[in-house]
Amino acid sequence: MKILKSILLLLVTLSTAYGQVPDKNSIDQIITLSQSESHLRFLASDELRGRDTGSPEINIAARYIAESFRKSGLKPLPGADGFFQHMNLIQSYPPADGRLTLGDTSFQQGKELLVMRGAGVDLNTEIIFANYGLAEDLKGLNLKGKILVVKAGSESERDPRQFLGLIKTKQELAKDKGAVAVVELYNSPNIPWPMLINFFNKPQLIIDEGGKDELPYLWLQDAKNEQLVGFKEKKIKKASLVISDLVKKPLPSKNVLGMVEGTDAKLKNEYLLLSAHYDHVGVAQSNNPNDSIFNGARDNAVGTVAVLNAASVLGKNPPRRSVIFAAWTAEEKGLLGSAYYADHPLIPLNQTIYNLNIDGAGYNDTTLITVIGLQRTSAEEHIIEAARQYGLTATSDPAPEQGLFDRSDNVNFARKGIPAPTYSTGFTAFDQEIMKYYHQVADEPDGLNFNYLLKYFRSYALTATKIANDENRPFWTSGDKYEEAGKKLYHQ
Ligand SMILES: [Zn+2]
C-alpha cells in the first residue's frame, strides 16, 4: 500500500513537472537553488569582467545564455542567427571642434554645447523655435534649410534620461521636415550641466542607423532659460554652426533571443516577451583600491537568471501563448539592445502582447517584489497573486519621481504601445543599502540572499505562466500615457 501510494505520488509529481501547463509545483521542481546560484555565479563572475558591451567577455555571457536556451528546448526566432540577433553599434567620438554662434555670442563643444548626434557641418542659416520639436509642434512649419531650436524632453518627460530617449524621434521628425540641425535647450536641474559634459564629451556608443542619423543634434546649456526667452521672443533669427567631422568606429554586438511556441491554436499567434539586459559596465577605477570589476550581480545577472529560469520552465512545458525570451545588450549604454529589437523586431510588435521586463539596482526588503508600473497594466492581479504564493508582496514603484518606468529597456516597448512593466527585487527607497551596490564593484554574487532570490525567480516564472495562459490578454490601465500608443498598435 505504501509502495503504491509512493508510485502514485511519483506519477502525479512527474506529470505536473513535465509536458503540462506548469503550475507552482512544477516551477518549484524545475527552478532550484543550485541551478539559480550556478547561473548567477557564472554570469557575475570576475572572469566575465563586468560584461561590458564590446568586450570579449560579454560574448562569453551571450554564448552561455544561448546554450542555456538550447538546453531548455527553446527555438531560435525567425530571421535570427541561431539564438543571436546581431547589430552594429558605433563608438562615436566627440568632434574636435563644434561652435554655435548666435548674434555675437559663441558656444563651444565641451563648454556650453554638446554635439549628441550627427555628422560634421558648416552652416549659416535661419533658425526657428518650435516648442519641444514633436509632431504636433512642427505642424504647418517650414523648416527647409533651417536650424530647429527646441526645448529638451516633452510635457510629460522631464528627466534627462528621458530626453535621450526622445532624440531619435525628434531627429527624424526634423529631418523629414527639411531642417539642417536641431539645437535642444537643456535646463534640467536633475543632472547639472557639468555632469553631462563629463559624461557626453567623450566616446559614446550609439546604434548604427546606416546614415539616417546624420542630422546634427546638439544640446545647449540654458539653465536660466535665457536662450529660451530669446528664442520665444524671436530676438535671434540667424545662426552659424560649425562641427568638424566625428570619428566613428564600428562595434558589433548582439541580443540573445529564443522562443517557445504556444499550444493553443489561436493564442499561439500572440507572444509574451520576457526580457532582461545581460550587459553591465565592465572594468574601471572604483572606490575600492583592491577591486576594479563591476560584477553586476544584482544589475542585472539576477534578471538574466530570472529569464533563463523561466525559459527552463516554459521550454519544457509550453503555455497556451507563445513566449519570447530576450537578453538585451548595451542597456547600460542607453537601452540600445532593446531599442534595436523594438525597431527591428523578429516577431511583429502587434503580435507581442506584453513585455515583462526584469531589471534592478538591488533590494532592501526581502518580503517584497517591486514592480515598476505594477498598477499600469491589467496583469497586476497575476503579478500580485504569483508573489503571494511565495509569501512575497508585490508593490509598485516607491520612487515615482525617479521616473524609473522610462529608464529601463521596457520603455522601448511601452513607447510602441506594448504594456511593459519592469519586475525588480524588493526595495522601499533609494537608500544606503541600495546605493552600496548600485553600479559599484561591491555588486558581487557573494552576499546575495539566494533563498530570497529563489522565491523571486519562481514568482517571476509563475507570473509569466499566468499571463501566457490567461484567455484575456493584459492591456494598459485606462488613462495611462501609453494607452493611446497601445490602441494604435493593436488596432483597438
Ligand atoms: Zn540594469
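Where does α6 bend, and by about how many degrees? In this predicted model, the bend sits at L166 and comes to about 40°. Helix α6 itself covers residues 160-176, 17 residues in total. From its first C-alpha to its last it reaches 25 Å, close to the 24 Å expected at 1.5 Å a residue.

L166 is also one of the buried residues of α6, and the others are P160, Q162, F163, I167, K170, Q171 and A174. If you follow these buried residues outward, you will find them packing against the strands β4 (113-117), β6 (147-151), β7 (181-186) and β9 (217-221), along with helix α5 (135-138). After α6 comes G178, whose phi is positive, near 90°.

Let's move on to helix α7, residues 193-200, where W193, L196, I197 and F200 are buried. These four lie on the same side of α7 because they cover an arc of only 100° around the axis. Turn to the face pointing away from that buried side and you meet the exposed residues P194 and N198. The cover over the buried residues of α7 includes α6, together with β4, β7, β8 (204-207) and β9.

Our last stop is the zinc ion. Its protein donors are H277 through NE2, and D299 and D359 through OD, lying 2.0 to 2.2 Å from the metal. Along the chain, the donors follow the spacing H-x21-D-x59-D. H277 belongs to strand β12 (residues 271-277) and D299 to helix α9 (residues 297-316), so this pair ties together parts that are 22 residues apart in sequence. Both H277 and D299 are buried.

How values were computed:
Residues are numbered from 1 along each chain as its sequence is written. This is a predicted model: local features need pLDDT of at least 70, side-chain atom pairs count only at pLDDT 80 or more; totals for chains, interfaces and linings use all residues. Side-chain values use heavy atoms; hydrogens and water are left out. Helices (H or I, at least four residues) and strands (E, at least two) are DSSP runs, numbered from the N terminus. The expected span of a helix is 1.5 Å times one less than its number of residues. The bend at a residue is the angle between axes fitted to the seven residues ending there and the seven starting there. Buried means under 20% relative accessible area, exposed over 50%, partly exposed in between (1.4 Å probe, protein chains only). Contact means heavy atoms within 4.5 Å. The arc is that of the directions from the helix axis to the C-beta atoms. Donors are N, O and S atoms within 2.8 Å of the metal (3.2 Å for Na, K and Ca); water is not among the atoms, so sites may look incomplete.
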